[in-house]
Amino acid sequence: MMMQTAGAWTRSSPESVQAWQSLSHACFEQKQFVDAIAAFDVVISLDPENYRHRVSAARIATAAEQYDSARAHLAVATKISPESSDVLLASCRLNYLTGELEQAEEDCRKALKINPNLAPAYITLGQLRQGKLSTDEIGDLRRLLAVPRLHPEYKASLFFTLGDALDATRDVAGAFTAWQEANRVNLHISRQEGIRYNRARQEEETEIIRALFPDVKGNELAASPSKNCDKVQPIFVLGMPRSGTTLIESILASHSNVSGAGELPALPEIHDELIALARRIGAREAREVLSCKIDHWRERYLAALPDSGNGGWVVDKQPLNFRSIGLIRMLFPESPIIATQRDVLEVGLSIYRHDFSKNWPCAHRLEDIGHYMGVHHRIMQHWTQCNVSNFLVVEHKKMITNPKKEISRLLDYSGLAEELACFEPHKTKRSISTFSAVQVRQPVSSAFSGRAQPYISYLEPLVTALQAAGIDMAPGHELETQRSERL
């Protein structure tokens, strides 16, 4: 509706800057980045000397991963307004995503020098510094949090940043209190927007998945060979958030025949269509429809894949795809699937201490995180029990304690020749937009392990939920590691 209204506005008032801004925003919200950029190009043509338009255009281009275009817009904006904190902040964000971390921090500090009340700059600085902020900077966070009528989203993000900063000083109580406040704000925002974590619906979906895919051994519903066989093919990296998916993607994407695409939305959209169909007509009937849609869904997914430029593999590291392993095996029987596994308490706390999007409504309460981890556990057990072939479980602990062996095993499973770059993924220049963007640009190590131990006394709701789900608290026991020969 918003896009239709904005489109009508541009047709009736083609010289209106606001109309084209509205259309660009509507396209952006629908992730139609090409159309969003095209609409904003009109904005710039109508008002070329407004540096704020260039900043907005750069932000859209950054979201669309058109980084050269973003830099060009920022170069013009800098000439128009060299002392703008907005320009510096946009430049910081761009350099953060593309791995120019020193430049990103320099941009961030310059922006704060110009505008000491720029909340997003403190948030980004905390991410770049991995929480290691000075006493004065921690004081600035507290000062901003005391500002009346602070935007709730900024308030939540600043509390997360404060929590990380206090964690870095080993102030366990202070850090957990800050994360708790951040999640209370996010929970309030979500509920105001009608978004709630629905346990019953998650349980229902688990049963639907079991009914849709009772036993996929033999892939009797496997898709036909693709008409797009000359295009790139997917490698799926999946699991709970914060379980090491970004690290695995970075290792694979360092290979000369692989590119990383981040968390792609195509398969979750197909999965949700299938689940909605099963809810409407029943799982048995939906399975019959599935047999007719397999080829169409495969082509739809492939058509949405970004062009890697090398004609090889592309990594889709969407965590939610753990729900869809049976569907993946039918759509892509030839594709590697890598499931990540990490100590459940480490995963649970890491989710709680990060500012998750509205797509993860479970993230704001420890008991809900534990419940969703139980859903993940049961679904992954189902894939193991119903004989899904050809998926590899990678344990995060083994990866960081013996990376050479585990990386060799990962490459061998994926059918990729060993290349030095895969053993040094932190040196690979590529954009990364997840919470691990700074961490994975450092050598693989155990430096980030054991974060949950000091907080055990605060994690009782998480532990109780995990125990109720029958999950072993000992690390490395959530799944049986399995590996099958490639089909």
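Visitor: Why is the contact of Arg298 with Glu334 called a salt bridge?

Guide: In this predicted model, the closest N and O atoms of Arg298 and Glu334 are 2.9 Å apart, and because a salt bridge requires a side-chain nitrogen of Lys or Arg within 4 Å of a carboxyl oxygen of Asp or Glu, the pair qualifies. The bridge links distant parts of the chain, with Arg298 in helix α15 (residues 283-304) and Glu334 in the loop between α16 (325-331) and β4 (337-341), 36 residues apart.

Visitor: What makes Arg298 count as buried or exposed?

Guide: Arg298 has a relative accessibility of 5%, and since buried means under 20%, Arg298 is classed as buried. Its partner Glu334 stands at 24%, which lies between the 20% and 50% limits, so Glu334 is classed as partly exposed.

Visitor: How do you know that Arg184 and Glu181 form a salt bridge, and where do they lie in helix α11?

Guide: The closest N and O atoms of Arg184 and Glu181 are 2.7 Å apart, a value within the 4 Å cut-off, and therefore the pair is a salt bridge. The two residues are three apart in helix α11 (residues 172-192), which means that about one helical turn separates them. Glu181 has a relative accessible area of 26% and is therefore partly exposed.

Visitor: What makes Glu367 and Arg365 a salt bridge, and are these residues buried or exposed?

Guide: Their closest N and O atoms are 3.4 Å apart, and because that is within 4 Å, the pair meets the criterion. With relative accessible areas of 26% for Glu367 and 28% for Arg365, both residues fall between 20% and 50%, so each is partly exposed. Elsewhere, salt bridges with shared partners join Asp164, Asp167, Arg353 and Arg451 into one network, and the structure holds 24 salt bridges.

Visitor: Why are β2 and β5 called edge strands?

Guide: The open sheet is formed by five strands in the order β2-β3-β1-β4-β5, with parallel pairing. Within that sheet, β2 (258-260) and β5 (391-395) each pair on one side only, and this makes them the edge strands. From one strand to the next, the twist averages 25°.

Visitor: How do you know that β4 and β5 pair?

Guide: Two strands pair if DSSP finds at least two bridges between them; β4 and β5 are joined over five bridges in the parallel sense, so the requirement is met. Gln341 stands opposite Glu395 in β5.

Notes. Residues numbered from 1 in each chain as written. Predicted model: local features only at pLDDT ≥ 70, side-chain atom pairs only at ≥ 80, totals over all residues. Heavy atoms only, no water. Helix = DSSP H or I, 4+ residues; strand = E, 2+ residues; numbered from the N terminus. Buried < 20%, exposed > 50% of the residue type's maximum accessible area, 1.4 Å probe, protein only. Axes fitted to C-alpha atoms, helices over the stretch in contact; angles between N-to-C directions.
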